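Student: I should like to learn how the main features of a protein model are read. May we go through one together?
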Amino acid sequence: MRPTLSHRRHANVYTGAMYEISCIRVFEDAAFQRAMARSSAVVLLAGAAVALVAGAALALTVPDAADLWVANLARGRFDGGSLAAWFMALVALSMVALPVHELVHGICFKLFAPADARIAFGADWKRGMLFACADGVVFTRRAYLIALAAPAVVLTAAFLVAGAWVGYPVFGIALAVVHLAGCTGDLLYMARIVRDRRVTHCEDTSWGVRFWGAGPGSRGASAAIREKAEGGRCP
């Protein structure tokens, strides 16, 4: 099912198969941007606490299995050089992770989109945001949730495993935390979809996302839903 182009201008208008519920204009919605900033801060603070606890536990139990500066600290030697290198590597790899994150989104979009769909990548330098976009493609609820979650799941797991594998587990945790702090936009999209069971399809756009539901006469449509659908606006 896909909405017709003639109904793209107006929110909550029924098409033959679906009606529009709401949308998120991520680059214009100040409240959504504040929510992303708050969520990122919470993730960073919680993640820092986890990394500190993990580092302390390793320092007390198996310091040789910890990151170099943690191991040295456990032996009573503060190694400023290795700590500085640790933070520089954290910043560098976190920057590299940004385009990889969007590439994973793009791969998922391509897998679930029609064969002729065009996947584009872009950046909003003013807000420091990169994005992948399948403009105008309407995905099923399940497919869009998978595409949203994939970078957070794949890259977080990769960072944790790689960090432990090379003998820098605290670094792996820190890298995963910084990456997750940058995933809050995706996580807030997912929260909106999961909270609203009416959402059956999601239309990706260059400015955000439109949420669509089953149309009149479709399974699950009710008078209450129809009344709600005819209410708001999402131009």
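Student: Where in H3 does a kink lie, and which proline follows shortly after?

Tutor: Please keep in mind that this is a predicted model. The kink in H3 lies at Leu98, shortly before the proline Pro99, and amounts to about 25 degrees.

Student: What span should the 33 residues of H3 have, and how far apart are its end C-alpha atoms?

Tutor: The expectation rests on a rise of 1.5 Å a residue, which gives 48 Å for H3; the end C-alpha atoms are 48 Å apart, so the two values agree.

Student: Let us turn to the sheet. What is the order of its four strands, and how do they pair?

Tutor: The order is S1-S6-S5-S4, the sheet is open, and the pairing is antiparallel. S1 and S4, the latter covering 138–140, are the edge strands, each pairing on one side only. From one strand to the next, the twist averages 30 degrees.

Student: How many bridges join S1 to S6?

Tutor: Seven bridges join these antiparallel strands. As one example of a bridge, Met18 has Ala214 in S6 as its partner.

Student: Which residues stand opposite Phe139 in S5 and opposite Cys202 in S6?

Tutor: Phe139 faces Cys202 in S5, and Cys202 in turn stands opposite Phe211 in S6. The antiparallel pairing of S4 with S5 comprises three bridges, while S5 and S6 are joined by five. S5 and S6 also form a hairpin, with three residues between them.

Student: Is S5 mostly covered or mostly open?

Tutor: A general idea helps first. In a regular strand, side chains alternate between the two faces of the sheet. As for S5, this strand is mostly covered, five of its six residues being buried.

Student: Which helix packs on the sheet, and which strands does it touch?

Tutor: H4 packs there, in contact with S4, S5 and S6, and its direction makes about 95 degrees with that of S4.

Student: Ala143 and Ala162 interest me. Is Ala143 buried or exposed?

Tutor: Ala143, found in helix H4, counts as buried because its relative accessibility is 8%, which is under the 20% limit. Its C-alpha atom lies 9.0 Å from that of Cys202, although 59 residues separate Ala143 and Cys202 in sequence.

Student: What is the relative accessible area of Ala162?

Tutor: Ala162 is also found in helix H4, but its relative accessible area is 39%, so this residue is partly exposed. The C-alpha atoms of Ala162 and Ile173 are separated by 9.9 Å, with the two residues 11 apart along the chain.

Student: Finally, which residues in the largest nonpolar core touch the most other members?

Tutor: The general idea is that nonpolar side chains tend to be buried together in soluble globular proteins. Here the largest nonpolar core has 31 residues, and Phe109, Phe139, Tyr144, Tyr189 and Ile193 touch the most other members. The elements that each supply at least two residues include S1, H1, H3, H4, H6, S5 and S6. H4 gives the most, with seven residues.

Student: What does Phe109 touch, leaving aside residues up to four places away in sequence?

Tutor: Its contacts are Ile119, Ala132, Cys133, Ala134, Phe139, Tyr144, Ala147 and Asp204. Apart from the largest core lies another core, of 19 residues, including Leu58, Ala66, Trp69 and Phe171.

Technical notes: Residues numbered from 1 in each chain as written. Predicted model: local features only at pLDDT ≥ 70, side-chain atom pairs only at ≥ 80, totals over all residues. Heavy atoms only, no water. Core = buried A, V, L, I, M, F, W, Y, C linked by side-chain atoms within 4.5 Å. Buried < 20%, exposed > 50% of the residue type's maximum accessible area, 1.4 Å probe, protein only. Contact = heavy atoms within 4.5 Å. Expected span 1.5 Å × (residues − 1). Bend = angle between axes of the 7 residues up to and from the residue. Pairing = 2+ DSSP bridges. Axes fitted to C-alpha atoms, helices over the stretch in contact; angles between N-to-C directions.
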